[in-house]
Amino acid sequence: MDASKKVYDNILQTIGDTPLVKLNKTVADLPCPVYAKVEFFNPGNSIKDRMALKMLEVAEQEGKIKPGGTIIEGTSGNTGMGLALAAIQKGYRCIFTTTDKQSKEKADILKALGAEVIICPTNVEPEDPQSYYSVSKRLATEVPNSWYVNQYDNLANRLAHYEQTGPEIWEQTEGKITHLVVATGTGGTITGTGKYLKEKNPNIKVWAIDSYGSLLTKWFKTGELDMNEVHPYITEGIGEDFLPENYAKDAIDHFEQVTDKDGAVMARRITKEEGIFVGYSAGSAVAGLRQLKDQLTKDDVVVVIFHDHGSRYVAKIYNDEWMLDRGFLDVNTVQDLIGGLGRRRLVTVEAGDKVSQAMELMQKYDIEQIPVMKAGEIVGALSQNGLFKKLMADVQVKEQEIETVMEAAIPLVAMNTPLERLTSYINKDNNSVLAKDESGNVHILTQYDVLNALSKG
Ligand code: PMP
């Protein structure tokens, strides 16, 4: 976006000229300044707008797509968004193939922008005719006047960054940049930006951040494309299981791998501590930079690319339950665990209710232990075991008031209690504890919740 311009003719003109923003808390212990190139300022909320438009312009120049034509690509995310925006302005149709692993929301976003989205099965080999690669390739041969984008091997991808991202960073740092850090996938961003910057100053170091489970790091270090390196990982947008043609080794100095957990945790920190609501790969980039911090000196100037916006990840890294399920949250105290479980309604009964009402609730919600309340206070509990014994002795207990048969209250523990200490409260007679948060809401933690958290930590 060119700040000196007052109005734009269309949204595509707002692509690029993104701000460079100093990071403070997340890199406070590094010896030098670190700036983030915040790419979610692009209209599609990611850096991919740049290359999407560039690839389309080059295809037009080369006559690969003609007016009214159809753009075809296998994408569910940022590239699809950029292509869809460009297609609207330029009057093309878009067909995107994606996998059923991707969230429905992503497909809906692309549909909202007028694209046709074809969902293909995830669990098939790339060569399978049903795979999203095969379907997009086949469509490109069947649909008249269509153009298959192939962002991996389309060199206009890296050209966009050579022409835009590199020069912008050079100018914004007044030529002072010493290190560029880029989480890498197709290789377009790192190769294009790195090549431009190295032409300006060959001493600039370009560090690629990769995911464990990708074969790129080993390729860079040994030249080998080793499929043994490849395993499923969670981080989105970075790493590959093949070598895209956009890579050029001489634009890059080092490859560093980052775990799914470290990337996710760091993305959340950047959002909370810097106020920059970033996507997953920005977290990986900063986590990777931090792994390399001993190589930096006070005279260095680091630029890290933040590829996209956190709104795409609200159901993932910004969801505590999702993080907890994958063992990405360090759960040490009752507070940590409650935070990770999300809001769950605590089912209670009143001391004056009938036992049969409690039985119904316990059955409906499949709960073993239920707190008994009186005038807003916890006064006791009913457990399946205890009730069973009493009902066996006298089935008429069902009709009595809960107060007459209830057991001792479930222990109430402080929010900062370490999880290990809960073993002294949770035993064969009592399978849960209660804790009250700052707002006075009471939460229940069962033996299952605690074991589950400890096994993942
Ligand atoms: N982060 C995110 C969120 C992305 O969508 C991408 C694109 N795959 C990347 C990083 C990597 O960028 P590139 O493909 O240019 O290497």
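**Notes on a predicted model: strands, cores and charged pairs**

1. I71 stands opposite C94 in β4. That bridge belongs to the pairing of strand β3 (residues 70-74) with β4, which is parallel and has five bridges. Between β3 and β4 the chain passes through helix α2 (residues 78-90), and the β-α-β crossover is right-handed. Please read every point here as a comment on a predicted model.

2. How much of β4 is covered? Six of the seven residues of this strand (residues 93-99) are buried, so "mostly covered" is a fair label. β4 runs parallel to strand β5 (residues 116-120), and five bridges join the two. Within that pairing, T97 has I118 of β5 as its bridge partner. Helix α3 (residues 104-112) completes a right-handed β-α-β unit with β4 and β5. β4 therefore takes part in two crossovers of this hand, one through α2 and one through α3.

3. Domains. The assignment splits the chain into domain 1 (15-41 + 163-323), domain 2 (48-148) and domain 3 (331-456). Domain 1 is given as two segments, 15-41 and 163-323. The strands of points 1 and 2 carry numbers inside domain 2, whose range is 48-148. Taken over C-alpha atoms, the centres of domain 2 and domain 3 are 52 Å apart.

4. The largest nonpolar core holds 54 residues. L289 and F306 have the most contacts inside it. Helix α9 (residues 280-291) is the top contributor, giving six residues. Domain 1 (15-41 + 163-323) and domain 3 (331-456) each supply at least three residues to this core. A separate second core has 27 residues, among them L12, M55, L56 and A156.

5. What does L289 touch, beyond residues up to four places away in sequence? Its contacts are V27, L30, V34, V181, W207, I209, L296, V302 and V304. V27, L30 and V34 are numbered within 15-41, one segment of domain 1. V181, W207 and I209 fall within 163-323, the other segment. L289 thus touches residues of both segments.

6. V278 deserves a look. It sits in the loop between α8 (260-274) and α9. Is this loop residue buried or exposed? V278 is buried, because its relative accessible area is 0%, under the 20% limit. Neighbours within four places in sequence aside, V278 is in contact with F40, A267, I270, T271, F306, D308, H309, G310 and Y318. F306, on that list, is one of the two residues with the most contacts inside the largest core. S311 lies 33 residues from V278 in sequence, with 8.0 Å between their C-alpha atoms.

7. Salt bridges number 24 in the structure. K106 and E236 form one of them, at 2.7 Å from N to O. This pair joins distant parts of the chain: K106 is in helix α3, E236 is in the loop between α7 (216-222) and β9 (254-258), and the two positions lie 130 residues apart. Are these two charged residues buried or exposed? K106 counts as buried because its relative accessibility is 13%, under 20%. E236 is buried too, at 17% relative accessible area.

8. E236 has a further salt bridge, to K316, with the closest N and O atoms 3.0 Å apart. K316 lies in the loop between β10 (302-306) and α10 (320-325), 80 residues from E236. E236 therefore pairs with K106 and with K316.

9. Contrast a local pair. R269 and E273 meet in a salt bridge at 2.9 Å, N to O. Both lie in helix α8, four residues apart, or about one turn of the helix. R269 is partly exposed, at 28% relative accessibility. E273 is partly exposed as well, with a relative accessible area of 28%. Elsewhere, salt bridges link K37, E39, R50 and E168 in a network.

10. Two backbone points to check by eye. N150, not a glycine, has a positive phi of about 50°. It is in the loop between β6 (146-148) and α5 (156-172). N150 counts as partly exposed because its relative accessibility is 21%, and the buried class stops under 20%. A375 has a phi near 50°, again positive in a residue other than glycine. A375 is in the loop between β12 (369-374) and β13 (377-383). At 78% relative accessibility, A375 counts as exposed.

Key. Residues numbered from 1 in each chain as written. Predicted model: local features only at pLDDT ≥ 70, side-chain atom pairs only at ≥ 80, totals over all residues. Heavy atoms only, no water. Buried < 20%, exposed > 50% of the residue type's maximum accessible area, 1.4 Å probe, protein only. Pairing = 2+ DSSP bridges. Core = buried A, V, L, I, M, F, W, Y, C linked by side-chain atoms within 4.5 Å. Contact = heavy atoms within 4.5 Å. Salt bridge = Lys/Arg side-chain N within 4 Å of Asp/Glu carboxyl O.
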